[in-house]
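Trainee: I have a new model open and do not know where to begin. Please set the scene for me, and then give me a close look at one single part of it, in friendly words.

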Amino acid sequence: MKLFKLTVKGNTQEFTIDYTASTNFISYVDCGFTGTEQEKYEKFLKDLSENGGPQPINIKVKMTTQTTDRALAKNDVLNIKDVNDFIKRLGR
């Protein structure tokens, strides 16, 4: 079981997402996803569905439009298949 923490930087058109995970609730390591933001997001969704625990996903948003911490339920994140839709969801 993994606990995931995401950091989103940039703006709504140009952004990056850093994916980290922990198996011990203390030490977070980079997930090592490569590719476009959509490809990395798809790899994250697969890892989340296969290895994610029931805990919410911790998301640190450091975008030009907002700086905030969010937590989204695992099922909510799994239902968002497009990375741009995920970024839009963070803006709500």
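Mentor: Gladly! Let's begin on the outside: the accessible surface of the chain comes to about 5400 Å², and carbon and sulfur atoms account for 48% of it. What you see is a predicted model, so a look at confidence comes next. The mean pLDDT of the chain is 94, with 99% of its residues at 70 or more. Helix α1 (residues 37-51) has the highest confidence, at a mean of 97, while strand β5 (residues 67-72) has the lowest, at 92. Keep one caution in mind for any model: where pLDDT is low, the predicted coordinates should not be read in detail.

Now follow the chain from its N terminus. The elements come in the order β-β-β-α-β-β-α-α, which gives 3 helices and 5 strands. The radius of gyration is 12 Å, close to the 12 Å that the globule rule gives for 92 residues, so the chain is as compact as a globular protein of that length. Along the principal axes, the C-alpha trace spans about 35 × 25 × 20 Å. Of the 92 residues, 36% are buried. If you take the contacts between residues at least 6 apart in sequence, 49% of them join residues at least 24 apart.

Here is the part for your close look: F25, which sits in the loop between β2 (15-22) and β3 (29-30). What is the phi of F25? It is positive, about 70°, although F25 is not a glycine. To see why that deserves a second glance, recall that most residues other than glycine have a negative phi.

Is F25 buried or exposed? Neither word fits, because its relative accessible area is 48% and exposed means over 50%, so F25 counts as partly exposed. Setting aside neighbours within four places in sequence, F25 is in contact with M1, L3 and Q55. For a sense of distance, find V61, which is 36 residues from F25 along the chain: the C-alpha atoms of the two are separated by 20 Å.

Two other residues make a helpful contrast. T7 lies in strand β1 (residues 3-10). Its relative accessibility is 18%, and because buried means under 20%, T7 counts as buried. Beyond the residues up to four places away in sequence, T7 touches T16, I17, D18 and K60. Between the C-alpha atoms of T7 and D30, 23 residues apart along the chain, the separation is 11 Å.

K40 lies in helix α1. Its relative accessibility is 13%, so K40 counts as buried. Again leaving out residues up to four places away in sequence, K40 touches I17, Y19, F33, T34 and G35. Across the chain there are 14 positive and 12 negative side chains, and the centres of the two sets lie 5 Å apart.

Now turn back to F25 on your screen: look for the partly exposed residue in the loop between β2 and β3, and trace its contacts to M1, L3 and Q55.

How values were computed. Residues are numbered from 1 along each chain as its sequence is written. This is a predicted model: local features need pLDDT of at least 70, side-chain atom pairs count only at pLDDT 80 or more; totals for chains, interfaces and linings use all residues. Side-chain values use heavy atoms; hydrogens and water are left out. Helices (H or I, at least four residues) and strands (E, at least two) are DSSP runs, numbered from the N terminus. The radius of gyration is taken over C-alpha atoms; the globule rule is 2.2 Å times the number of residues to the power 0.38. Buried means under 20% relative accessible area, exposed over 50%, partly exposed in between (1.4 Å probe, protein chains only). Contact means heavy atoms within 4.5 Å. Accessible areas come from the Shrake-Rupley method with a 1.4 Å probe; for residues, only the protein chains shown count as cover. Lys and Arg count as positive and Asp and Glu as negative; His and the chain ends are not counted. The place of a charge is taken as NZ of Lys, CZ of Arg, CG of Asp or CD of Glu. pLDDT is the predictor's confidence in each residue, from 0 to 100.
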